[in-house]
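You asked for a colleague's reading of this model before it goes any further. The points below are meant to be followed with the sequence and the coordinates open side by side.

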Amino acid sequence: MVERYGASSYLVGSRHRAKGTTFEESSRLDPDTYAAHGGSFPITVEGVGVVGAVTVSGLPQLEDHRFVVEALEQFLEKDPDPR
């Protein structure tokens, strides 16, 4: 999901819901491969783009999304510029 859309899985799902549909209904992609549920967040390098993703699952989707965001924020606070 993150690799294909360059955005968090929660954001992709939210965009579809805002249009009054679901990702599954409108994307025509295999739901066994693509899921627009919270929990996958892009790792982006300035000037490069998305280089990976952090993904968790097990909580309700908004909580999965928040968990990843908070973990990344804590990581960046410890060492915002590792050079």
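**Notes on the predicted model**

1. Gly-20 is exposed, with a relative accessible area of 71%, and since the model is a predicted one, this value, like the others in this note, is computed from the predicted coordinates. Gly-20 sits in the loop between α2 (9–18) and α3. Its C-alpha atom is separated by 26 Å from that of Thr-55, a residue 35 positions away along the chain.

2. As for the overall layout, the chain contains four helices and two strands, and their order along the sequence is α-α-α-β-β-α. The C-alpha trace spans about 45 × 30 × 25 Å along its principal axes. Of the 83 residues in the chain, 24% count as buried.

3. The loop between α3 (23–27) and β1 holds Arg-28, and this residue deserves a look in the viewer. The phi angle of Arg-28 is near 65 degrees, which is a positive value in a residue other than glycine. Arg-28 counts as exposed because its relative accessible area, 81%, is over the 50% cut-off.

4. Pro-31 is also placed in the loop between α3 and β1. With a relative accessibility of 55%, Pro-31 counts as exposed. Between the C-alpha atoms of Pro-31 and Val-12 there are 14 Å in space, and the two residues are 19 positions apart along the chain.

5. Which residues line the largest pocket? The lining is formed by Phe-41, Pro-42, Ile-43, Thr-44, Val-45, Glu-46, Val-69, Leu-72, Glu-73, Phe-75 and Leu-76. The elements that contribute two or more residues to this lining are β1 (40–45) and α4 (61–78). By class, the lining consists of eight nonpolar residues, one polar residue and two charged residues, and the space within the largest pocket comes to about 270 Å³.

6. Val-45 belongs to strand β1, and besides being one of the residues that line the largest pocket, Val-45 takes part in a nonpolar surface patch. That patch is made by Val-45, Val-48 and Val-51 and has an area of about 260 Å². The relative accessible area of Val-45 is 37%, so this residue is classed as partly exposed, and because a patch residue must have over 30% relative accessible area, Val-45 passes that part of the requirement.

7. Helix α4 includes Val-68 and also Ala-71, and the two residues can be set side by side. Is Val-68 buried or exposed? At 2% relative accessibility, Val-68 counts as buried, because the value is under the 20% cut-off. Ala-71, by contrast, is partly exposed, with a relative accessible area of 37%, which places Ala-71 between the 20% and 50% limits.

8. Two C-alpha separations help to place these helix α4 residues relative to other parts of the chain. Val-68 and Thr-44 are 24 residues apart in sequence, and their C-alpha atoms are 14 Å apart in space; Thr-44 is among the residues lining the largest pocket. For Ala-71 and Val-54, which are 17 residues apart along the chain, the C-alpha atoms are separated by 9.8 Å.

Notes. Residues numbered from 1 in each chain as written. Predicted model: local features only at pLDDT ≥ 70, side-chain atom pairs only at ≥ 80, totals over all residues. Heavy atoms only, no water. 1 Å grid on protein atoms, 1.4 Å probe; cavity = no way out; pocket = protein on both sides within 12 Å on 5 of 7 lines; lining within 4 Å. Points joined across faces, edges and corners; volume = space filled by probe spheres on them. Nonpolar A, V, L, I, M, F, W, Y, C, P; charged D, E, K, R; others polar. Patch = residues over 30% accessible without salt bridge, like charges linked within 9 Å, V, L, I, M, F, W, Y side chains within 5 Å. Areas by Shrake-Rupley, 256 points an atom, 1.4 Å probe, with all protein chains shown as cover. Salt bridge = Lys/Arg side-chain N within 4 Å of Asp/Glu carboxyl O. Buried < 20%, exposed > 50% of the residue type's maximum accessible area, 1.4 Å probe, protein only.
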